[in-house]
Amino acid sequence: FNRAANWSRFIGEAQRRMLAHLPERPVVVEIGHGDGSFLETLAALRPGGRYVGFDPHGSTRSGAGAELRAELFTAARHLEELQPHMVVSRHVLEHLSNPLGFLQGLSFAAASLDLATLAYFEVPCIDQAIETRRTVDFYYEHSSQFTTGSFTRMLSRTAAELIEVGHGYGNEVIYGFVRLGTPA
């Protein structure tokens with residue numbers, strides 16, 4: 001799936017957008033790293049940084065510039081330990097029964113530590129599924145579903161700053177860049 005042409009193009013665009021926000025030697029944390037390839041590619045594109053992935057069921061192989069941990073990300077502990085420039089979470093929030101609470105905890109931890117960490121979140125967008133009545137998009141393993149409006153509201157209510165919200169992969173995916181911290 002990750003090697004398909006359109007999806008690979010979208011992934012490459014996402015990585016380029018992230019790199020535009022990162023310093024020369026960044027610390028990047030990925031929550032839900034899966035096979036680790038996304039984080040490893042970021043590491044290859046911007047070598048010299050520190051790239052740490054968290055996924056209790058993901059790959060644990062080391063090398064290729066990324067440290068892959070088979071554990072859950074704990075906001076207060078891991079933000080303090082790593083002080084990341086960016087937190088990345090792709091296709092994780094839709095699997096949570098309370099994504100709002102997760103994001104609030106992440107932002108509160110960043111604010112408590114006085115960190116102005118950037119974050120990138122990406123989820124499936126169901127706008128077209130609703131428009132076209134495409135019910136096949138409602139997977140049982142997705143506890144949460146996101147329209148453009150619900151995703152934008154969630155991010156704006158859980159971050160100090162909403163930087164960008166956009167769509168990709170033929171509007172099937174929605175993503176957002178935020179600055180973590182408590183919203184005004």
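**Figure 1. The view centres on L106 and the largest nonpolar core.** Two residues are in contact when they have heavy atoms within 4.5 Å of each other. This is a predicted model, where local features need pLDDT of at least 70 and side-chain atom pairs count only at pLDDT 80 or more, while totals for chains, interfaces and linings use all residues. Residue numbers start from 1 along each chain as its sequence is written, and side-chain values use heavy atoms, with hydrogens and water left out.

Leave out neighbours within four places in sequence, and L106 still touches F73, A75, L79, V87, F121 and L180. Now for the bigger picture: the largest nonpolar core (buried Ala, Val, Leu, Ile, Met, Phe, Trp, Tyr and Cys residues joined through side-chain atoms within 4.5 Å) has 28 residues. F73, L79, V87, L106, F121 and F151 have the most contacts inside this core. At least two core residues come from each of β1 (27–31), β2 (50–54), α3, α4 (99–112), β5 (118–124), α6 (148–156) and β7 (173–179). The labels follow DSSP runs numbered from the N terminus, with helices (H or I) of at least four residues and strands (E) of at least two. Helix α4 is the top contributor to this core, giving 4 residues. There is also a second, separate core, made of 22 residues, with M18, L42, A66 and Y175 among them.

**Figure 2. H78 sits in helix α3, which spans residues 75–82.** Is H78 buried or exposed? H78 counts as buried because its relative accessibility is 0%; the cut-offs are under 20% relative accessible area for buried, over 50% for exposed and in between for partly exposed, using a 1.4 Å probe and protein chains only. Past its neighbours within four places in sequence, H78 is in contact with F54, R69, E71, L72, F73 and Q83. One of these partners, F73, is also listed among the residues with the most contacts inside the largest nonpolar core.

**Figure 3. W7 and Y169 make one of the ring pairs in this model.** Altogether, the structure has 7 aromatic pairs. Rings of Phe, Tyr and Trp (its six-membered ring) pair if their centres lie within 6.5 Å, and planes under 30 degrees apart are stacked, over 60 edge-to-face, and the rest tilted. The rings of W7 and Y169 meet edge-to-face, 4.8 Å centre to centre with 85° between the planes. What parts of the chain does the pair link? W7 belongs to helix α1 (residues 5–21), and Y169 to the loop between β6 (161–168) and β7, so this pair, 162 residues apart, links distant parts of the chain. W7 is buried, at 5% relative accessible area, whereas Y169, at 32%, counts as partly exposed.

**Figure 4. Y175 and F177 form another edge-to-face pair.** Their ring centres are 6.4 Å apart, with an angle of 80° between the planes. Both residues are buried: the relative accessible area is 5% for Y175, and the relative accessibility is 0% for F177. Back with the rings of the previous view, ring pairs join W7, F10 and Y169 into a cluster.

**Figure 5. A66 lies in the loop between β2 and β3 (67–69).** A66 is buried, with 7% relative accessible area. Apart from residues up to four places away in sequence, A66 touches L39, E40 and Y51. Measure along the sequence, and A66 and R50 are 16 residues apart; go C-alpha to C-alpha in space, and the figure is 7.0 Å.

**Figure 6. Q83 and R133 both have a positive phi.** Most residues other than glycine have a negative phi. Q83, which is not a glycine, has a phi of about 45°. Q83 is in the loop between α3 and β4 (86–90) and is partly exposed at 42% relative accessibility. For R133, also a residue other than glycine, phi is near 55°. R133 lies in the loop between α5 (127–132) and α6 and is exposed, with a relative accessible area of 74%.

**Figure 7. G34 is in the loop between β1 and α2 (37–45).** G34 is partly exposed, with a relative accessible area of 28%. Which residues does G34 contact, leaving aside its neighbours within four places in sequence? These are D55, G58 and S59. A76 is 42 residues from G34 along the chain, and 22 Å separates their C-alpha atoms.
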